[in-house]
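The following account leads the reader through a structure, from charged pairs to a ligand site and then to strands. The sequence and the model are shown first.

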Amino acid sequence: MRLIFSTFILGIFLGCSGPDQAQKLSPKQAFLDSLLNEMTLAEKIGQMSQATGNWEKTGPVVTDPDMVDLATRGKVGSFLNVFGAARTRSAQELAVNQTRLGIPLIFGYDMIHGYKTTFPIPLAEAASWDLDLIKRSAEITAIEAAASGLHWNFAPMVDIARDPRWGRIMEGAGEDPWWGSKVAVARVQGYQGDDLSSLSTIAATAKHFAAYGAAEGGRDYNTTEVSERTLREVYLPPFQAAAKAGVATFMNGFNDLNGIPATASELLVRQILKKEWDFQGFVVSDWASVQEMTDHSIASSDKEAAELALIGGCDMEMVSTTYTEFMEELVKENPTYISYIDEAVHRVLAIKYDLGLFQDPYRYSDPAREAEVVLHNDHFKHAREIAKRSIVLLENRNQTLPLNTDLNRIAVIGPLADDKETPLGTWSAQGRQEHVTTILEGIKLASGDETKILTAKGCEVNSSDKSGFKNARSMAKQADVIIAVVGEEALMSGEALSRSDIGLPGVQLELLQMLKATGKPVVVVLMNGRPIAEPWMYENCDAVLETWHLGVQSGPAIADVLFGSYNPSGKLPVTIPRSVGQIPIYYNHKNTGRAYDPTERYTSQYIDEDHLPQYPFGYGLSYTEFEYSNLVLDKSSFHAGESISIGVDIKNSGPVSGEEVVQLYVRDMFGSVTRPVLELKGFHKTMLAPGESQTIHFTLGAEDLRFWDKDMKFSWEPGNFKVFVGPDSGDLLGADFKLL
Ligand code: BGC
């Protein structure tokens, strides 16, 4: 600090970059150039290195010898897992007061769905189809984090996931590149606002670049083989959208993509990200992913791993220390590397500058603001709002739901009924059980005084013990309705938590079958971090609510839906398969030369499994009915530069008000390369009173119909198209048009 604002700043104004040049440069550019000019190679390498703090230690003062050593010797430019206003301040003081140039540290942390106020997991939020609310969750996360000394979130994860075995499917927005891009932008804007130096915003990270979600077999960290066309059409769009929205940083994936680990991918980082997309922020590796290139068997030593990552364009190394250990030696051997290093350091310092850290390195570490904003009441209100909107009604036979509040007895059964940990989901940052309202608590608060709530666990989530069934049956038999709360624990999805069987774990299915055998209506409240394939449950239980892991306000939000004070409007951002054997199964697949035809044997199908998934992408019911009619186009053909307007009537023909997510898809009938059978291109969320009708309008132009053609040009091709509108990707009205 001392030096930055004396020798160093003075240097700028005394013209160390030359009077002409200084005049042309922006103050930021001049500052960064001069700072870079001052730095030794060792100091530069420090800025390219990130170490982890010990996240178990939450004491206010940093005394851990390793951290003190790294910070005071300028060996790191960043810590992750150091949080809290007091502790970040203490760590910052070490760097600012005890290093030669006093360059401030940047503190990063994983706040995937909230800092202390935990919101629904990202996959759940994507089911709300409400970009304003999704953005608001990110804003609140930033407000709480920024007051607690954090500058940088390792979110949003924008990986497209077509395989529900992959545990990290819960971290993203599902399977669709168009929707994934919209959600990515909403989250980036929420975290970053339009001014990174504001005290209520933080830097965001688009991760994991790229195609990490394509892990073979859905097994985390596994190899990915993706053609460049599929990469660009399916996996890259949300990253590109995030870059365009100004995301501050990118994180490399752990995966090996087509033979090159993403961490060293010149194609991904240097060519696509930094050149084609003109990304100005910096790229951080994933946890030790630089060093792990020796295990990928592409680097024969840690030194070679450092070299490959540097060449690949990785600006900061997370946790492993190959840059610290070998970069000086590498530069001695190949002095041209200094230009890569200068570029990387410039990028890192630029984000620190944008955050305002050179003006005041302690500005985010504010105990008073931290105490005031963290876990604020308004944040809990938002948590309930987005949680109830993230719920998807999958089944509702005989209008079992909503429940009357004057029922005599409700049995709330199941291992997750009163669980405080599971609703937090995985990656819950500083979310704490004491802030969670469980389903049982939510139901008790919402049901009438006269209603008796009976409860029993029945079994654990993942055990073979059925000794609790007897008590559960006896409770169930006394009740008017059974609410069965089953699913996956928090740590059954997320990183390194892939599953080969995505049904209900343990004996939970048997618990449901036993409950159903009582003859009482069974409402399943499903809590999970990924699609659950369990046909019997969906096909036999009276109602099924997909509630994911909904965060601190799970109980009240689920009760809102169970008792009808909120009519569910969520729609699936991901296909739910019937069985693991159907995977990969996603709505925007290709037609093949032998598209499925039940009457023809030699068509694309299984002999032992249905062709269709359990529920298609975009699916979700309501307590009311929506009727679609009159899909009308304003013209049957148009030229590039013009647009086509699409109108559809939608009527609420049911008994209560409700919101519907009206979805627009297209199909390009013929292309120079094969095209998907459907592609989402728009949606409109609308509220309708009973009996009310509305005409919903969409517009499409040639630019919406672009794809990577035979010559890998991103362009449209004239020809025949179909447009579809409807409540989900499996139930659509269609019409034809031509692009001339
Ligand atoms: C994960 C990243 C995360 C990082 C830091 C890694 O294991 O893949 O998503 O940001 O750890 O916690």
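**Charged pairs, ligand site and strands**

Asp668 and Arg675 are joined through their side chains by a salt bridge, with an N to O distance of 3.3 Å. Both partners are covered: Asp668 is buried, and Arg675 is buried as well. The model in which this pair occurs is a predicted one. Side chains of opposite charge can pair when their charged atoms come close. Across the whole structure, a search finds 42 salt bridges.

A further pair is formed by Arg165 and Asp163, whose closest N and O atoms are 2.7 Å apart in a salt bridge. Are these two residues buried or exposed? Arg165 counts as buried because its relative accessibility is 17%, and buried means under 20%. Asp163 also counts as buried, because its relative accessibility is 8%.

The salt bridge between Glu343 and Arg347 has its closest N and O atoms 2.7 Å apart. Both residues belong to helix α15, which spans residues 337-354, and they are separated by four residues, about one turn of the helix. Their accessibility is as follows. Glu343 has a relative accessibility of 24% and therefore counts as partly exposed, while Arg347, with a relative accessible area of 11%, is buried. The pair is also part of a network of salt bridges that links Arg270, Lys274, Asp315, Glu343 and Arg347.

Asp286 presents another arrangement. This residue lies in the loop between β9 (282-284) and α13 (302-312). Which side chain of opposite charge is nearest to Asp286? The nearest is Arg168, 4.6 Å away, and Asp286 is buried yet has no salt bridge. A salt bridge requires a side-chain nitrogen of Lys or Arg within 4 Å of a carboxyl oxygen of Asp or Glu, so the distance of 4.6 Å to Arg168 does not qualify. Leaving aside neighbours within four places in sequence, Asp286 is in contact with His208, Met251, Asn252, Phe254 and Met318.

Asp286 and Arg168 are both among the residues around the ligand. The other residues there are Leu80, Asp110, Phe154, Lys207, His208, Met251, Phe254, Trp287, Met318 and Glu495. Where do polar side-chain atoms approach the ligand? For Arg168, a polar side-chain atom lies 2.7 Å from an oxygen atom of the ligand. For Lys207, the corresponding distance from a polar side-chain atom to a ligand oxygen atom is 2.8 Å. Glu495 likewise places a polar side-chain atom 2.8 Å from an oxygen atom of the ligand.

The account now turns to strands. Strand β12, residues 409-413, is mostly covered, with four of its five residues buried. Five bridges connect β12 to β13 (residues 452-456), and the two strands run parallel. Within this pairing, Ala411 stands opposite Leu454 of β13.

Elsewhere, five strands make up an open sheet in the order β18-β26-β25-β20-β21, and the pairing in this sheet is mixed. Its edge strands are β18 (637-638) and β21 (679-688), each of which pairs on one side only. How many bridges join β18 to β26? Two bridges do so, and β18 runs parallel to β26, which comprises residues 731-739. In that pairing, Phe638 has Leu739 of β26 as its bridge partner.

Definitions and conventions. Residues numbered from 1 in each chain as written. Predicted model: local features only at pLDDT ≥ 70, side-chain atom pairs only at ≥ 80, totals over all residues. Heavy atoms only, no water. Pairing = 2+ DSSP bridges. Buried < 20%, exposed > 50% of the residue type's maximum accessible area, 1.4 Å probe, protein only. Lys, Arg positive; Asp, Glu negative; His and termini not counted. Contact = heavy atoms within 4.5 Å. Near = heavy atom within 4 Å. Polar contact = N/O pair within 3.5 Å; in protein donor to acceptor, adjacent residues only side chain to side chain.
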